[in-house]
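Please open the structure in your viewer and keep the sequence panel beside it, since this tour moves from one selection to the next.

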There are 2 protein chains.
Amino acid sequence: MAEFERHVFVCINERAPGHPRGCCSAKDSAPIREALKARCKLEGLAARVRINKSACLDQCEHGPTIVVYPEAVWYGFVKMEDVEEIVQTHLIGGAPVQRLVLPQECINTPHCPHRAGGVQLGGL
Amino acid sequence: MAEFERHVFVCINERAPGHPRGCCSAKDSAPIREALKARCKLEGLAARVRINKSACLDQCEHGPTIVVYPEAVWYGFVKMEDVEEIVQTHLIGGAPVQRLVLPQECINTPHCPHRAGGVQLGGL
């Protein structure tokens, strides 16, 4: 066995209620991660794909946020009902789920349509 | 600005004292991560390189464990005194610090020279 074929990081960061950036945890990222992990196990992917908990990925306004490496595909606004498609299309089929991919101009930036007023980058 | 040039995940998982697999947190991974982050900031890398906290990377016996994407370079047994070399050689210079790279046969496996008796894969 060698390194993971894919390493999926699901942000489970939790901020205090009312924080202007929000957080992935408040948008059910933890159960989404559990569902991804369970589906991967059922599909026999557990040894090749790791569904990892991550601290803040600093894309809070786009949460729940997931990044898949090594291809560096960033998913945003992921919902529980998207899990099956991510597993089948991307983790098994190898093709990112385009409708969930965050635009390049939304990643790692203080200004994007989802961020109010250019909040400072930060995170945990 | 676009996605990170490099995304560095430092395992800060904490297990109960005496757990047979140990944990990265008990081996000072949190201060190592802080030092990496501070050095990257000083070097002007903060916008291009993210030094992320990660939950369990499931390589506990090799901890403190760090994985650098997108190149999927796994570092093990990282010490505070290795931080400068990782920043200068890898994150600035682009060349992994070979002396810290975990052998392929040690990653994602229940059996390797560092694992006692083939402990089950698991983690958080």
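Start with chain A as a whole, in a predicted model, and consider how its contacts are spread along the sequence: among contacts between residues at least 6 apart in sequence, 63% join residues at least 24 apart. Colouring chain A by secondary structure brings up 2 helices and 4 strands, and anyone who follows the chain along the sequence meets them in the pattern β-α-β-β-β-α.

Next, turn chain A about in the C-alpha trace, which spans about 45 × 25 × 25 Å along its principal axes. How does the radius of gyration of chain A agree with that of a compact globule? For 124 residues a compact globule would have a value near 14 Å, and because chain A has 14 Å, the two agree.

Now switch on a surface for chain A, whose accessible area comes to about 5400 Å², with 57% of it belonging to carbon and sulfur atoms. Of the 124 residues of this chain, 49% count as buried. If you then select the charged side chains of chain A, you will find 14 positive and 14 negative ones, and the centres of these two sets lie 4 Å apart.

Bring chain B into view beside chain A. A rotation of 180 degrees, with 0.0 Å of shift along its axis, superposes chain B on chain A with an RMSD of 0.0 Å. That is the relation of a two-fold axis. Through which surface do the copies meet? Of the interface residues of chain B, 97% are also interface residues in chain A, so the copies meet through the same surface.

Return to chain A and select Tyr69(A) together with Pro70(A), which are joined by a cis peptide bond whose omega is about 15 degrees. Pro70(A) lies in the loop between strand E3 (66-69) and strand E4 (73-75) of chain A. Moving to chain B, select Tyr69(B) and Pro70(B), where the peptide bond from the one to the other is cis, with omega near 15 degrees; Pro70(B) lies in the loop between strand E3 (66-69) and strand E4 (73-75) of chain B.

Go back to chain A and select Ala72(A), which is also placed in the loop between E3 and E4 of that chain. Although Ala72(A) is not a glycine, it has a positive phi of about 55 degrees. Is Ala72(A) buried or exposed? Its relative accessibility is 14%, and residues under 20% are taken as buried, so Ala72(A) counts as buried.

For another residue with a positive phi, select Asp58(B), where the angle is about 65 degrees although the residue is not a glycine. Asp58(B) is placed in the loop between strand E2 (49-54) and E3 of chain B, and with a relative accessible area of 3% Asp58(B) is buried.

The last stop is Gln98(A), which you will find in the segment after helix H2 (83-92) of chain A. At 58% relative accessibility, Gln98(A) counts as exposed. To finish, select Asp82(A) as well and draw a distance between the two C-alpha atoms: Gln98(A) and Asp82(A) are 16 residues apart along the chain, and their C-alpha atoms are separated by 12 Å.

Note on methods. Residues are numbered from 1 along each chain as its sequence is written. Chains are lettered from A and ligands numbered from 1 in the order in which they are written. This is a predicted model: local features need pLDDT of at least 70, side-chain atom pairs count only at pLDDT 80 or more; totals for chains, interfaces and linings use all residues. Side-chain values use heavy atoms; hydrogens and water are left out. The radius of gyration is taken over C-alpha atoms; the globule rule is 2.2 Å times the number of residues to the power 0.38. Buried means under 20% relative accessible area, exposed over 50%, partly exposed in between (1.4 Å probe, protein chains only). Contact means heavy atoms within 4.5 Å. Accessible areas come from the Shrake-Rupley method with a 1.4 Å probe; for residues, only the protein chains shown count as cover. Lys and Arg count as positive and Asp and Glu as negative; His and the chain ends are not counted. The place of a charge is taken as NZ of Lys, CZ of Arg, CG of Asp or CD of Glu. Copies are superposed by least squares on the C-alpha atoms of residues with pLDDT of at least 70 in both.
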